[in-house]
Amino acid sequence: MQGHPWVFGNEVGEIDGPVNAGDIVDVFTHQGHFVGRGYINPQSQILVRLLTRDKSEEINDEFFYRRLLKCWEYRKKIGYVENCRLVFGEADEMPALIIDKFNDYLVIQTLALGMDKWKGAIVDALNRIFSPKGIYERNDVPVRELEGLEQQKGFLSAPFDTNVIINENGLKFHVDIVNGQKTGYFLDQQDNRRAIQHIVKGADVLEAFCYTGTFSCHAGYYGAKSVMGLDISEHAVNTARRNAELNNLQDICKFQAVNAFDQLKQWTREEKKFDVVILDPPAFTKSRENIQKAITGYKEINLRGMKLLKPGGFLVTASCTNLVPPSLFLEIIDMAAKDAKKKLRQVTFQTQAQDHPILWNIENTTYLKFLIVEVQ
Ligand code: SAH
């Protein structure tokens, strides 16, 4: 697994022979040494994404079966079985492939043309390994257009009831695999949700950017006195309410569909205070050129969160974009604390759940930052 699996167009001297987008090709150094085998797309800046560095390994249906089995064996080994990210793209040597498993259901994304071409083989392999109750495609992702692919979603198995319910940390959650964000549910926070267990006991909790209320429900379950979850999406808030009901937490966990920036500003003016504030905002930017936008957004929302805390309260704060590395994230939180005239004491600093493996040589595999600080 040495080296980065992406080969950029400007790194390639010549393409030997005619190729079609999506073809499997071999990559050699200028000296003629074999580098690896992968799929090509001349339309993409990433010309080739390597699937293997083993010259004797053929890329065929059996290859995908073997690789998916390997992904599954790994998840079982580290204890992520019922719900897990089964395939995390490059970190599983499966560039541009995402597969989430929600108990007996699988949701898949093929985000590059060369991977998309093997969708049939991937689905066959999943059927062989899991005999799942259903497979669904969530390829309604704009990045596919850079590859010349259409956005699409739908069944890759016989149609099934898509309102899936999963168990997590002793709670139940609805997963809307058709209309939810990304694959329907953020499995990457599944371990971090447990990290709030002790600090929310007896607490008044605010969660901004709550999506389907998963942290809020955990807070209620772990003994919070009251929980208020905010999200700009009506659909997310409706699901959050249904999740609270599913766990019999509807008296403790309340939700509002509002802009968190505005609501936090208003509550700061009203001097409203909470014991715990949880923030898990969206990426704010998708490109390195706009990184300042993300920095400003994270700083502002964390500043507001800190101001809403009682002295000695806890800020639980996350960032999901790989464009903000962990060190920069901590700097942003530090800047916010200085502006808010607060002192911080770190409780924990974590990353994504272990079923989203990190490869040190592929920097965008470390993407989730999750921090808990005590705020004085
Ligand atoms: N913590 C959640 C994931 C949050 S994703 C979980 O673990 O499941 C980020 C959420 O922020 C999305 O649901 C999105 O709808 C919401 N969002 C984006 N901009 C917002 C804004 N200005 N105010 C409130 N919510 C916003």
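pLDDT is the predictor's confidence in each residue, on a scale from 0 to 100. With that in hand, here is a short tour of this predicted model.

**View 1. Confidence along the chain.** The chain as a whole has a mean pLDDT of 96, and 99% of its residues reach 70 or more. Among the elements of the chain, the lowest mean pLDDT, 95, belongs to strand β1 (residues 6-8). At the other end of the ranking, strand β15 (residues 274-279) has the highest, 99.

**View 2. An open sheet of 5 strands.** Follow the strands across this sheet and you meet them in the order β5-β6-β7-β8-β9, with mixed pairing. The edges are held by β5 (83-88) and β9 (152-155). Each of these has a single partner strand, so one side of each is left without a neighbour in the sheet. From one strand to the next, the twist averages 15°.

**View 3. The pairing of β6 with β7.** Strands of a sheet pair through backbone hydrogen bonds, either parallel or antiparallel. Here strand β6 (residues 97-102) and strand β7 (residues 105-110) take the antiparallel sense, with 6 bridges between them. To find your place in this pair, look for Ile-98, which stands opposite Gln-109 in β7.

**View 4. Helices packed on the sheet.** Helix α1 (residues 61-78) packs on the sheet and touches β5 and β6. The direction of α1 makes about 140° with that of β5. Helix α3 (residues 119-130) also packs on the sheet, where it touches β5, β6, β7, β8 (134-139) and β9. Relative to β7, the direction of α3 makes an angle of about 160°.

**View 5. A β-α-β crossover.** Strand β13 (residues 226-231) pairs with strand β14 (residues 253-257) in the parallel sense, over 5 bridges. One handy landmark is Gly-229, whose bridge partner in β14 is Phe-255. Between the two strands the chain runs through helix α5 (residues 234-246), and this β-α-β crossover is right-handed.

**View 6. The crossing of α6 and α7.** Two packed helices are described by the angle between their axes and the distance between the axes. For helix α6 (residues 260-269) and helix α7 (residues 291-307), the axes come within 9 Å and cross at roughly 35°. The crossing of α6 past α7 is left-handed. On the α6 side, the contact is made by Ala-260, Phe-261, Asp-262, Leu-264, Lys-265 and Thr-268. From α7 come Gly-297, Glu-300, Ile-301, Arg-304, Gly-305 and Lys-307. The residues of this contact divide into 4 nonpolar, 3 polar and 5 charged.

Terms used
Residues are numbered from 1 along each chain as its sequence is written. This is a predicted model: local features need pLDDT of at least 70, side-chain atom pairs count only at pLDDT 80 or more; totals for chains, interfaces and linings use all residues. Side-chain values use heavy atoms; hydrogens and water are left out. Two strands pair if DSSP finds at least two bridges between them. Helices (H or I, at least four residues) and strands (E, at least two) are DSSP runs, numbered from the N terminus. A crossover is right-handed if, with the strands pointing away from the viewer, the path from the first strand over the helix to the second runs clockwise. Axes are lines fitted to C-alpha atoms, for helices over the stretch in contact, and angles run from 0 to 180 degrees between N-to-C directions. A crossing is left-handed if the near helix is turned anticlockwise from the far one by less than a right angle, and right-handed if clockwise. Contact means heavy atoms within 4.5 Å. Ala, Val, Leu, Ile, Met, Phe, Trp, Tyr, Cys and Pro count as nonpolar, Asp, Glu, Lys and Arg as charged, and the others, Gly among them, as polar.
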